[in-house]
Amino acid sequence: MTPRITLLREYFPTAICTGNALVFISEDSRVELTEHNRGGFASEQSIPVIRVRLFHKITTGEFEPGHYEDFQLPDLHDLAGEIEKFIQSAVGKNIKEMS
């Protein structure tokens, strides 16, 4: 698992760790957090991007991908707080209600 995702796991103890992502699942939503490094000239010094992908359950019972948002905040506490606010506003539930 990537370094920042490992650290975010402590902020989101109800998330399921898949080895590549942190996943929150509810009856009608799924949220995945993954880490990505942006290439480029200063890629070694840049802060990794945490991508938050939203999925909504469709009538067949499968989760269909929807919107995603990328977060690139240097402070881990701020990063976790902004991710939590995004998830809550996007799915209409507190993260603690998703487990």
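Leaving aside its neighbours within four places in sequence, which residues is T34 in contact with? The contacts are I5, N20, A21, V49, I50 and R51. The setting of T34 and of the other residues discussed here is described below for a predicted model.

## Overall make-up

The protein contains three helices and five strands. In sequence order these elements follow the pattern α-β-β-β-β-β-α-α. The protein has 99 residues, of which 32% count as buried.

Its accessible surface is about 6100 Å², and carbon and sulfur atoms account for 49% of that area. Taking contacts between residues at least 6 apart in sequence, 42% join residues at least 24 apart.

## The sheet

The five strands make an open sheet with the order β1-β2-β3-β4-β5 and antiparallel pairing. β1 (16-17) and β5 (63-71) are the edge strands; each has a single partner strand, so one side of each is without a neighbour in the sheet.

β1 and β2 run antiparallel and are joined by two bridges. Within this pair, I16 has V23 in β2 as its bridge partner. The two strands form a hairpin with four residues between them, and G19 in the turn has a positive phi of about 100°. The antiparallel strands β2 and β3 are joined by four bridges. I25 stands opposite R30 in β3, and three residues separate β2 from β3 in the hairpin that they form.

At the other end of the strand order, β4 (residues 49-57) pairs with β5 in the antiparallel sense over seven bridges. I50 has F71 in β5 as its bridge partner.

## Helices on the sheet

Helix α1 (residues 3-11) lies across β1, β2 (22-25), β3 (29-36) and β4. The direction of α1 is at about 135° to β3. Helix α2 (residues 76-91) also packs on the sheet, where it touches β2, β3, β4 and β5. The angle between the directions of α2 and β4 is about 20°.

## The nonpolar core

The largest nonpolar core has 20 residues, and L8, F12, L33, I83 and I87 touch the most other members. At least two residues of this core come from each of α1, β2, β3, β4 and α2. The largest share is that of α2, with seven residues.

F12 illustrates the contacts made by one of these core residues. Not counting residues up to four places away in sequence, F12 touches F24, L33, A80, I83, E84 and I95. Two of the residues named for their many core contacts, L33 and I83, are thus among the residues that F12 touches.

## Two buried residues of β3

E32 is found in strand β3. Its relative accessibility is 13%, so E32 counts as buried, the cut-off being under 20%. The side chain of E32 is joined to that of R30 by a polar contact of 2.8 Å. Beyond residues up to four places away in sequence, E32 touches L22, V23, R51, V52, R53 and F55. L22 and V23 fall within β2 (22-25), while R51, V52, R53 and F55 fall within β4 (residues 49-57).

T34, the subject of the opening question, also has its place in strand β3. Its relative accessibility is 15%, and T34 therefore counts as buried. A polar contact of 2.8 Å joins its side chain to that of H36. Among the residues in contact with T34 are I5, which falls within α1 (residues 3-11), and V49, I50 and R51, which fall within β4 (residues 49-57). R51 is on the contact list of E32 and on that of T34.

## The loop between β3 and β4

R38 has its place in the loop between β3 and β4. With a relative accessibility of 44%, R38 counts as partly exposed, because this class lies between the 20% limit for buried and the 50% limit for exposed. R38 and V49 are eleven residues apart in sequence, and their C-alpha atoms are 7.3 Å apart in space. V49 is also one of the residues in contact with T34.

Terms used: Residues are numbered from 1 along each chain as its sequence is written. This is a predicted model: local features need pLDDT of at least 70, side-chain atom pairs count only at pLDDT 80 or more; totals for chains, interfaces and linings use all residues. Side-chain values use heavy atoms; hydrogens and water are left out. Two strands pair if DSSP finds at least two bridges between them. Contact means heavy atoms within 4.5 Å. Axes are lines fitted to C-alpha atoms, for helices over the stretch in contact, and angles run from 0 to 180 degrees between N-to-C directions. Buried means under 20% relative accessible area, exposed over 50%, partly exposed in between (1.4 Å probe, protein chains only). A polar contact is a pair of N or O atoms within 3.5 Å; within protein, one must be able to donate a hydrogen and the other to accept it, and residues adjacent in sequence count only if both atoms are side-chain atoms. A nonpolar core is a set of buried Ala, Val, Leu, Ile, Met, Phe, Trp, Tyr and Cys residues joined through side-chain atoms within 4.5 Å. Accessible areas come from the Shrake-Rupley method with a 1.4 Å probe; for residues, only the protein chains shown count as cover.
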